[in-house]
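Work through the exercises below with the structure open. Try each task before reading its solution.

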Amino acid sequence: MTHLHTPERRRVALYSHDTVGLGHLRRNLALASALVAGPVPVNVLLISGSREATAFAVPPGVDWVTLPALAKRDGRYGARTLDVALADVIELRTSVISAALLAFDPDVLIVDKVARGVCDELYPVLRRLRSRGRTRSVLGLRDVLDDVRSTAVDWASFRTTEAIAELYDEVWVYGDPSVFDPLVEYDLPAAVAERTTFTGYLGHHRRGPQGPATDDGEPPSPYALCMVGGGQDGVGLAEAFAAALLPPGIRGVVVTGPYMDDADRERLRATEASRPDLTVLDFVVDCERLIEGATAVVCMAGYNTICEVLAAGKPVLVVPRVWPRREQLLRAERLAGRDLVDMVDPADLTPDRIGAWLAAGPDAQRAPAAPVDLLGLSRIPYLVDRLLAGRPGQREVARVAG
């Protein structure tokens with residue numbers, strides 16, 4: 001087989017395990033689009049555990065490897081659709097990942113959140129790539145992982161610090177340390193801190209060349225938008241929004257996400273049928289387009305959604321998930337403290353609360369007490385350049401022109 005490398009086109013692989021929701025996949029897709037839009041030609045291979053991955057269009061130079069899907073139910077992993085034991089599906093996924101990465105032979109491998117891969121599925125090929133001595137490895141982390149205790153338990157259980165010290169050149173935190181600094185909050189050890197760079201939030205320029213894979217149609221304007229991430233745990237917010245009194249002339253648009261339970265989605269459809277001012281959409285791949293067209297956004301506090309609404313500069317009411325992880329609550333509290341979002345605890349959520357917030361209108365939104373760095377995507381090509389040039393990482397936020 002012809003060797004796939006050329007001096008003119010570097011290669012970057014991105015791995016996300018994707019057992020719950022679409023957050024990891026969408027973050028890696030944003031990174032891939034930023035890389036191909038950069039100044040150096042690149043081929044990008046996205047490795048994902050989500051079968052919904054291929055619903056997203058990708059720019060030239062980007063392609064997918066999709067793995068047999070996993071799901072996490074009651075805190076335990078299992079095959080999502082195959083009728084096989086967990087050990088068997090992990091063995092299959094490990095074989096596919098290893099074959100793909102060894103053949104692709106990336107210059108840089110960027111791993112999302114789970115340093116050894118889910119159930120250690122990435123560990124064998126990480127060691128192989130390390131022994132070859134050519135691939136540089138990066139662990140990418142969102143701003144908030146979970147509360148301090150749960151994060152400590154997870155890192156010890158998954159041997160994350162040891163994996164970083166053994167197998168990774170750098171750690172990129174996709175956030176602004178003035179909002180939330182995981183090195184300080186989690187008291188991470190020197191082996192992590194000395195490799196860490198803060199990129200800034202992956203906010204601006206998320207649409208890029210990826211575009212929508214399908215045309216979901218444009219809802220009539222003006223409209224207020226409700227988004228619940230993948231939808232597996234957002235039905236309470238979706239139903240409260242669907243029952244809220246909307247301002248005169250404003251349509252409500254709810255996006256359920258692909259993972260919402262069918263029975264829950266059907267209840268929302270029944271509400272839609274009874275309300276001429278309500279539209280329910282299932283799976284929308286180009287969320288940025290809907291956000292840009294909205295007068296206001298009501299949403300959960302997942303990483304990607306927050307990046308998108310902050311970049312769009314929309315009035316936003318955040319109703320964070322508080323179980324089984326407190327990640328969204330912590331993110332929402334920090335951003336609300338800087339007057340960047342309004343927040344309602346899910347225990348206090350009612351249709352009246354949403355209706356009152358919408359009725360107040362965009363003019364009632366406060367000016368931010370302090371800006372937040374949303375330029376992470378523009379820095380990613382620069383960080384790859386720096387990594388391949390052998391320059392060491394730095395703890396401060398990476399700075400690039402523009």
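## Exercise 1: The seven-stranded sheet

**Task.** In which order do the 7 strands of the open sheet lie, and which strands stand at its edges?

**Solution.** This is a predicted model.
- Step 1. The open sheet of 7 strands reads β3-β2-β1-β6-β7-β8-β9, and its pairing is parallel.
- Step 2. β3 (62-66) and β9 (196-198) each have a single partner strand, so one side of each lacks a neighbour in the sheet. These two stand at the edges.
- Step 3. From one strand to the next, the twist averages 20°.

## Exercise 2: Strand pairs in register

**Task.** How many bridges join β6 to β7, and which residue is the bridge partner of Val-111?

**Solution.**
- Step 1. β6 and β7 run parallel and are joined by 5 bridges.
- Step 2. Val-111 has Leu-139 of β7 as its bridge partner.
- Step 3. Check how covered β7 is: 6 of its 7 residues are buried.
- Step 4. Now move to β2 (residues 42-48). It pairs with β3 in the parallel sense, over 5 bridges. Here Val-44 stands opposite Val-62 in β3.

## Exercise 3: A helix across the sheet

**Task.** Which strands does helix α14 lie across, and how is α14 oriented to α1?

**Solution.**
- Step 1. Helix α14 (residues 376-388) lies across β1 (10-16), β6 (108-112), β7 (136-142), β8 (170-174) and β9. Its direction is at about 170° to β8.
- Step 2. Two packed helices are described by the angle and the distance between their axes. For helix α1 (residues 23-36) and α14, the axes come within 8 Å and cross at roughly 65°.
- Step 3. α1 and α14 are therefore roughly perpendicular to each other.
- Step 4. The crossing of α1 past α14 is right-handed.
- Step 5. List the contact. α1 contributes Ala-30, Leu-31, Ala-34 and Leu-35; these meet Leu-377, Ile-380, Pro-381 and Val-384 in α14.

## Exercise 4: Helix α2, its length and its packing

**Task.** What should the 19 residues of helix α2 span at 1.5 Å a residue, and which residues make its contact with α3?

**Solution.**
- Step 1. Helix α2 covers residues 86-104, and its expected span is 27 Å. The end C-alpha atoms are 27 Å apart, so the two values agree.
- Step 2. Look just past the helix. Asp-105 follows α2 and has a positive phi, near 50°.
- Step 3. Find the buried residues of α2: Val-89, Ile-90, Arg-93, Thr-94, Ile-97, Ser-98, Ala-100, Leu-101, Leu-102 and Phe-104.
- Step 4. An α-helix has 3.6 residues a turn, so residues three or four places apart point the same way.
- Step 5. The axes of α2 and helix α3 (residues 123-132) come within 9 Å and cross at roughly 20°. That makes α2 roughly parallel to α3. The crossing is right-handed.
- Step 6. From α2, the contact uses Thr-94, Ile-97, Ser-98, Leu-101 and Leu-102. From α3, it uses Pro-124, Val-125, Arg-128, Leu-129 and Arg-132.

## Exercise 5: The six-stranded sheet

**Task.** What is the order of the 6 strands in the other open sheet, and which strands does helix α13 touch?

**Solution.**
- Step 1. The order is β12-β11-β10-β13-β14-β15, with parallel pairing.
- Step 2. β12 (278-281) and β15 (342-343) are the edge strands, each pairing on one side only.
- Step 3. Strand β14 (residues 316-318) runs parallel to β15, and 2 bridges join them. Val-318 stands opposite Met-343 in β15.
- Step 4. Helix α13 (residues 351-360) packs on this sheet and touches β10 (223-227), β13 (296-299), β14 and β15. Its direction makes about 160° with that of β13.

Note on methods. Residues numbered from 1 in each chain as written. Predicted model: local features only at pLDDT ≥ 70, side-chain atom pairs only at ≥ 80, totals over all residues. Heavy atoms only, no water. Pairing = 2+ DSSP bridges. Helix = DSSP H or I, 4+ residues; strand = E, 2+ residues; numbered from the N terminus. Axes fitted to C-alpha atoms, helices over the stretch in contact; angles between N-to-C directions. Contact = heavy atoms within 4.5 Å. Expected span 1.5 Å × (residues − 1). Buried < 20%, exposed > 50% of the residue type's maximum accessible area, 1.4 Å probe, protein only. Parallel < 35°, antiparallel > 145°, perpendicular 65-115°, else oblique. Left-handed = near helix turned anticlockwise from the far one by under 90°.
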